[in-house]
Amino acid sequence: MERQLIQLKVNGEERDVVVSPNETLVEVLRDRLELTGTKMGCGEGACGTCTVLLDGKPVRSCLTLAVEVQGQEIVTIEGLAEGAELHPVQEAFMEHGAIQCGFCSPGMILTGKALLDENPHPTEEGVRRAISGVVCRCTGYAKIVEAIMAAADAL
Amino acid sequence: MKWEKYLVPASLDEALKTLAEYEGQARVIAGGTDLVPQLKKKERTVKCLVDVSRLAELKGIHHQDGLMRIGAGVTHQQIAASPLLRQTAAALAEGAAAVGSPQIRYMGTIGGNIVNAQPAADTAIPLLALDAEVEIASKEGVRRQPLEDLYVRPGVSKVDASAEIVVAFRFQTLHGKRGSAFARLAKRRSLSLPILNAAAVAILSKDGALFEDLRLALGPVALTPFRARKAEEALRGQPVDGESVVEALVIASEEAQPRTNPLRGSAEYRREMVKVLLGRALERAVAAAKA
Ligand SMILES: Cc1cc2nc3c(=O)[nH]c(=O)nc-3n(C[C@H](O)[C@H](O)[C@H](O)COP(=O)(O)OP(=O)(O)OC[C@H]3O[C@@H](n4cnc5c(N)ncnc54)[C@H](O)[C@@H]3O)c2cc1C
Ligand code: FES
Ligand code: FES
């Protein structure tokens with residue numbers, strides 16, 4: 001296996017990483033860069049918990065190869081807060097009880113942020129559609145939708 | 001998942017040369033949403049992946065002289081969001097909007113959707129109704145083939161992704177008294193494969209009263225995406241509403257061959273649903289053509 005040195009731009013920082021061409025982005029984020037906020041669920045593109053932002057768009061990091069995204073801007077859940085200040089979507093998730101076990105939360109929050117960046121005043125239906133690719137086993141979604149709507153108001 | 005190299009060629013030419021050097025051991029990758037799971041499960045093995053997702057030659061949605069040309073590397077998200085396609089090829093925009101989830105639509109491409117050759121793929125059914133043609137580049141040059149002739153069986157197309165690259169899809173845009181629509185039946189609205197997909201293109205007479213021509217596509221009701229040609233034949237020259245439409249839908253449900261599938265339902269149910277779904281698509285296509 002030929003290892004290669006690649007440059008990834010993660011949460012605004014340039015990182016040099018040695019990877020094999022088979023490694024998925026979620027593996028490199030978690031195991032090489034120790035950014036374990038990104039979760040790995042199904043590994044097949046279906047559950048959405050591994051969602052990260054690639055040039056601002058939500059994508060599945062379990063289906064994305066690390067070598068594929070060189071030079072593109074990656075944002076993980078660790079990159080949302082500014083110092084001690086949480087992102088409004090994170091604040092809203094806490095306030096509205098939109099987190100239970102928390103396994104879906106990184107993917108949900110990043111998906112919510114991407115939606116609000118693109119459309120600051122989404123309808124409830126728009127929010128539901130946006131998060132339709134992330135599965136939550138705990139909350140029943142209602143509080144997650146409320147939280148994203150509240151974050152839209154706060155922003 | 002074991003391959004030795006991942007290459008990102010700068011041009012279509014370079015991509016084709018790289019594939020040739022590997023003599024069948026390399027394979028094209030676009031969004032990877034089909035290929036990466038297949039490689040993970042070891043359903044495929046390759047020595048080298050050739051990334052075509054950054055090739056300028058595979059990008060863009062262009063319209064000229066009534067002909068639409070969509071690059072094979074265009075994502076489902078881009079198709080679903082295109083005002084031009086919503087207006088002149090609504091069935092395709094609706095089909096692309098139904099793929100997977102937002103995250104899958106940002107990565108997955110129309111080229112990958114077709115080469116992966118599932119008989120109900122959400123862009124294949126509309127493209128079949130639009131009578132699309134495929135541009136395929138290989139060492140020998142570029143060839144054009146009707147989309148319909150591209151399919152062999154589920155999961156197998158005539159495009160050899162270890163030597164050839166799909167560059168674009170082309171079809172006549174629908175203007176004047178023409179319209180199209182797509183209808184989908186699935187268990188959920190997101191992340192759910194279709195139980196049945198239907199697409200219709202209606203080309204009406206000047207007064208909007210008769211079908212001058214029409215094309216009806218369905219999947220999965222056969223080993224490849226299916227054109228309901230007997231139903232089309234029965235409706236050509238007939239009024240756009242009334243008995244002839246009902247009869248044609250019955251014919252379509254008879255010529256379709258859905259199979260019983262534990263995930264998709266029984267053959268009987270799905271045969272009934274052919275009438276319902278195709279009826280809905282046709283009705284909306286006619287309404288669009290009249291508008
Ligand atoms: C969770 C999930 C849900 C999904 N839901 C749906 C759904 O609802 N409906 C649906 O239709 N599909 C669905 N898919 C399948 C998939 O997302 C689509 O088929 C997608 O369009 C594939 O495109 P891609 O760019 O990711 O292809 P890739 O995975 O990169 O490639 C797919 C195949 O095509 C070949 N290929 C790709 N581009 C070219 C080219 N330009 N020239 C030659 N060969 C090429 C590759 O070698 C490979 O064999 C889903 C997938 C996942 C993981
Ligand atoms: S782990 Fe990536 S979608 Fe489930
Ligand atoms: S909070 Fe547990 S899966 Fe969503």
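Domain bounds here come from an automatic or database domain assignment. On that basis, chain A is divided into domain 1 (4-79) and domain 2 (88-154), while chain B has domain 1 (5-51), domain 2 (57-172) and domain 3 (178-290). The structure is a predicted model, in which local features need pLDDT of at least 70 and side-chain atom pairs count only at pLDDT 80 or more, whereas totals for chains, interfaces and linings use all residues. Residues are numbered from 1 along each chain as its sequence is written, and chains are lettered from A and ligands numbered from 1 in the order in which they are written.

A good place to start is chain A. The centres of its domain 1 and domain 2, taken over C-alpha atoms, are separated by 21 Å. The contact between them involves 14 residues from domain 1 of chain A and 12 residues from domain 2 of chain A; two residues are in contact if their C-beta atoms, placed from the backbone, lie within 7 Å. On the side of domain 1 of chain A that touches domain 2 of chain A, β3 and β4 (57-60) each supply at least two residues, and β3(A) gives the most, with three residues. Helices (H or I, at least four residues) and strands (E, at least two) are DSSP runs, numbered from the N terminus. By class, that side of domain 1 of chain A has six nonpolar, six polar and two charged residues. In this scheme Ala, Val, Leu, Ile, Met, Phe, Trp, Tyr, Cys and Pro count as nonpolar, Asp, Glu, Lys and Arg as charged, and the others, Gly among them, as polar.

Within chain A, strand β1 (residues 4-10) and β2(A) pair in the antiparallel sense over seven bridges, where pairing requires that DSSP finds at least two bridges between two strands. Leu8(A) stands opposite Arg15(A) in β2(A). The two strands, β1(A) and β2(A), form a hairpin with two residues between them, and Asn11(A) in the turn has a positive phi of about 50 degrees. Helix α1 (residues 25-32) of chain A has Leu25(A), Val26(A), Val28(A) and Leu29(A) as its buried residues; a residue is buried if 20 or more other C-beta atoms lie within 10 Å of its own, exposed if 12 or fewer, and partly exposed in between, with C-beta atoms placed from the backbone. These buried residues of α1(A) pack against β2 (13-19) and β3 (51-54) of chain A. Just after α1(A), Glu34(A) takes a positive phi of about 55 degrees.

Chain B offers another arrangement to look at. Three of its strands form an open sheet in the order β1-β3-β2, with parallel pairing. Strands β1 (5-7) and β2 of chain B stand at the edges, each with a single partner strand, so one side of each is left without a neighbour in the sheet. From one strand to the next, the twist averages 25 degrees. Three bridges join β1(B) to the parallel strand β3 (residues 48-51) of chain B, and Leu7(B) stands opposite Val50(B) in β3(B). Helix α1 (residues 12-21) of chain B lies across β1, β2 and β3 of chain B, and runs at about 170 degrees to β3(B). Axes are lines fitted to C-alpha atoms, for helices over the stretch in contact, and angles run from 0 to 180 degrees between N-to-C directions.

Further along chain B, the C-alpha centres of domain 2 and domain 3 lie 20 Å apart. Here 22 residues of domain 2 of chain B are in contact with 24 residues of domain 3 of chain B. On the domain 2 side, α8(B) gives the most, with five residues, and by class that side has 14 nonpolar, three polar and five charged residues.

The two chains also meet, with 21 residues of chain B in contact with 22 residues of chain A. On the chain B side, β1, α2 and α6 each supply at least two residues, and α6(B) gives the most, with five residues.

Turning to the ligand, 34 residues surround ligand 1, the closest being Gly45(A), Gly31(B), Gly108(B), Gly112(B) and Asn113(B); a residue is near a molecule or strand if its C-beta atom, placed from the backbone, lies within 6 Å of it. Residues from chains A and B surround ligand 1, so the site is shared between chains. α7(B) gives the most to this shell, with four residues. By class, the shell around ligand 1 has 20 nonpolar, 11 polar and three charged residues. Domain 1 and domain 2 of chain B both give residues to the shell, so ligand 1 lies between them.
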